[in-house]
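User: I would like to learn how to read charged side chains in a model like this one. Could you take me through the general idea and then the case at hand?

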Amino acid sequence: MDTTSYSRRSLHPTGRILTAQIVRLMDGYPREVRVGQPVLVVVLAAAGVIGLLAKLVRAALSAGSGTGRRSFKELKKGPEYLVTPVRLRDSDGKLYEVELHGHLPQSALHPADHVQLTLRDQGDPDLAPKIERIVNLTTGQLLRPRTATMWSHLGPPLLLQAMLGLLLLAGLAACTALT
């Protein structure tokens with residue numbers, strides 16, 4: 001038996017709060033946020049109404065070039081965020097593994113820091129719990145990792161355009177219902 005590659009199996013914590021010492025911040029890797037196709041179709045269809053009106057206005061005024069829009073395939077792919085596995089050891093000596101999604105300042109966490117973590121289960125038993133909030137007891141910092149969301153991926157211009165399109169369609173529906 002090769003004992004050089006042996007590493008102790010780390011556990012996934014089952015509680016919502018874990019107080020432990022950081023053993024190691026492992027190398028991060030990207031993970032993609034899923035974008036639901038029905039939501040994307042509704043947003044793009046509503047934005048298309050305003051986009052069509054904007055093209056008509058540009059054509060009537062013979063204004064300059066329009067901006068390039070991302071394709072459906074690019075929007076469906078979703079944004080990527082950084083996942084960093086973190087190994088921790090509690091006061092009983094048990095080794096745990098959790099996942100840190102998103103970015104934190106580089107100086108926020110170091111091995112040997114004592115932390116209190118608020119965790120959330122990810123729904124998949126193979127995935128370690130996700131860190132929602134970190135209280136670094138060594139430095140007294142309160143940290144909350146942030147990741148990209150579907151809404152930040154679609155972007156404010158597209159979402160504003162979709163909202164205006166929905167309002168326009170609702171207005172047209174209300175006008176046709178009155179007549």
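User: How exposed is arginine 16, and which residue forms a salt bridge with arginine 16?

Analyst: Side chains of opposite charge can pair when their charged atoms come close. In this predicted model, where local features need pLDDT of at least 70, side-chain atom pairs count only at pLDDT 80 or more, and totals for chains, interfaces and linings use all residues, arginine 16 is partly exposed, with a relative accessible area of 48% (buried means under 20%, exposed over 50%, partly exposed in between, with a 1.4 Å probe and protein chains only). Residues are numbered from 1 along each chain as its sequence is written, and side-chain values use heavy atoms, leaving out hydrogens and water. Glutamate 132 forms a salt bridge with arginine 16, the closest N and O atoms being 3.1 Å apart (a side-chain nitrogen of Lys or Arg within 4 Å of a carboxyl oxygen of Asp or Glu). Arg16, Glu132 and Arg120 are linked in a network of salt bridges.

User: Is glutamate 99, which meets arginine 31 in a salt bridge, buried or exposed?

Analyst: Glutamate 99 counts as buried at 6% relative accessibility, as does arginine 31 at 18%, and the N to O distance of their salt bridge is 3.1 Å.

User: What surrounds aspartate 90, which has no salt bridge?

Analyst: Aspartate 90 is buried, and the nearest side chain of opposite charge, lysine 94, is 5.4 Å away. The side chain of aspartate 90 nevertheless reaches the backbone nitrogen of lysine 94 at 2.8 Å.

Key:
Lys and Arg count as positive and Asp and Glu as negative; His and the chain ends are not counted. A polar contact is a pair of N or O atoms within 3.5 Å; within protein, one must be able to donate a hydrogen and the other to accept it, and residues adjacent in sequence count only if both atoms are side-chain atoms.
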